[in-house]
Amino acid sequence: MSIPRGSTALALEAVSAGYGRGRVIADFTLTVERGELVALLGPSGSGKTTVLKLVAGLMAPDSGDILFDGKSVTGLPPEKRSAAMVFQKPLLFPYLNVRENVAFGLKMRKTPEAEMRERVGRALELVQLSGLETRRPGELSGGQEQRVSLARALVIEPNVLLLDEPFSALDQNLRMEMARLVRSVQRMLRITTLFVTHNQEEAAALADRAGLLLDGRLEQAGPTREFYTAPRTLRAARFFGWQALAGPGRRVIAFRQEHARLRPLGVEPAPETEFQRIVTVETAADLGTRMRYAVRTQSGETVEMEEPADGALYREGTRVTLMLREDLARVFET
């Protein structure tokens, strides 16, 4: 299967939108380059699905513009945008078999029968469902149903693919399997893709870049690695699992839990250690190769951390020193 018109550069420029009088996203600006896969992350209710609906033409923005290859599509209906959307639930027609479900969009476009049969066959092969053409949705697993949904989106040869948490209903093994499939197909077709998820690991595994949406605003955008190594705001750091403790003045010291170390009281810190606190171990979980601790500071703050299980093990109730390296921590002003 190919994308005959070439992949499309997508841009949202200062877009604001909502439902009724409620504002869901505000002044939202994001670009997805040709053939790029960008993950849009955020908690439930942050506006992620609203962004996809705006791109697909399922709702109109209150202000701002949406462009495909530099041309506004804001006033175009969904069928004129060459964008296809895969939803959280497959939404298959239960009375149609796999082949008929995948062909549905082509039938609506009055595609000739021979061409439709060829394109459906290629789409099913692409998502590894060849041989299941005559099965009904009730005879498929959850992962297979979502593959049918993906094939149905791809068969119309869209220039922009929109994925709305398509793995959320699958177990962990199927999630990873589907993630690998989507990434493989996306790279093969070089199709511009906007992928919504609340799962940071999925974003890191799939995306070329990511955008973090919090309270309807883009908090940070860039390579996924930056969220783990150099978050630009405290809110971005917290979303990606950074721990935070109050520092001097109005400062907050953020750190990744694997970068903290616990040491017995009285042990001199290493030369590179800039920050240390006396803490009490509240919980200790043995993860085999690593220990995960929840510790409480003398001022009542609680944070989590991990360290290798080959060192000293600390029991609940033990008072120890929490140490951080300056070069691995981030300091934010509040």
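Helix H1 lies across five strands, namely S3 (37-41), S6, S7, S8 (192-197) and S9 (209-214), and runs at about 155 degrees to S7. Helices here are DSSP runs of H or I with at least four residues, strands are runs of E with at least two, and both are numbered from the N terminus. Angles run from 0 to 180 degrees between N-to-C directions, with axes fitted as lines to C-alpha atoms and, for helices, over the stretch in contact. The model is a predicted one, so local features need pLDDT of at least 70 and side-chain atom pairs count only at pLDDT 80 or more, while totals for chains, interfaces and linings use all residues. Residues are numbered from 1 along each chain as its sequence is written, and side-chain values use heavy atoms, with hydrogens and water left out.

Now for the sheet under H1. It is an open sheet of six strands, in the order S6-S7-S8-S3-S9-S10, with mixed pairing. Strands S6 (83-86) and S10 (217-222) stand at its edges with a single partner strand each, so one side of each has no neighbour in the sheet. From one strand to the next, the twist averages 20 degrees. Two strands are taken as paired if DSSP finds at least two bridges between them. S6 and S7 (residues 160-164) pair in the parallel sense, over four bridges, and alanine 84 stands opposite leucine 161 in S7. Helix H4 (residues 142-154) packs on this sheet too, touching S6 and S7, and its direction makes about 175 degrees with that of S6.

There is a second sheet to look at. This one is open, has four strands in the order S2-S1-S4-S5, and its pairing is antiparallel. Its edge strands are S2 (22-32) and S5 (71-72), each of which pairs on one side only. S4 (residues 63-68) and S5 run antiparallel and are joined by two bridges; leucine 67 has serine 72 in S5 as its bridge partner. H1 turns up again here, packing on the sheet and touching S1 (10-19), S2 and S4, with its direction at about 115 degrees to that of S1.

How much of H1 is covered? Seven of its nine residues are buried, so to speak mostly covered, where buried means under 20% relative accessible area, exposed means over 50% and partly exposed is in between (1.4 Å probe, protein chains only). The buried ones are Lys48, Thr50, Val51, Leu52, Leu54, Val55 and Ala56. Just after the helix, glycine 57 takes a positive phi of about 90 degrees.

Lysine 48 deserves its own paragraph. This residue lies in H1, which spans residues 48-56. Lysine 48 is buried yet has no salt bridge, and the nearest side chain of opposite charge, that of glutamate 165, is 4.2 Å away. A salt bridge here needs a side-chain nitrogen of Lys or Arg within 4 Å of a carboxyl oxygen of Asp or Glu; Lys and Arg count as positive, Asp and Glu as negative, and His and the chain ends are not counted. What the side chain of lysine 48 does have is a polar atom 2.9 Å from the backbone oxygen of glycine 42. The backbone oxygen of proline 43 lies 3.1 Å from a polar atom of that side chain. Leaving out residues up to four places away in sequence, lysine 48 touches Leu40, Leu41, Gly42, Pro43, Glu165, Val196, Thr197 and Leu213, with contact meaning heavy atoms within 4.5 Å.

Two residues further along the chain round out the picture. Threonine 297 sits in strand S15 (residues 290-297) and is buried, with a relative accessible area of 4%. Its side chain is joined to that of serine 299 by a polar contact of 3.0 Å; such a contact is a pair of N or O atoms within 3.5 Å, where within protein one must be able to donate a hydrogen and the other to accept it, and residues adjacent in sequence count only if both atoms are side-chain atoms. Alanine 312, in the loop between strands S16 (302-308) and S17 (319-325), is partly exposed at a relative accessible area of 43%.

As for the whole chain, the secondary structure comes to eight helices and 18 strands. Buried residues make up 49% of the 334 residues.
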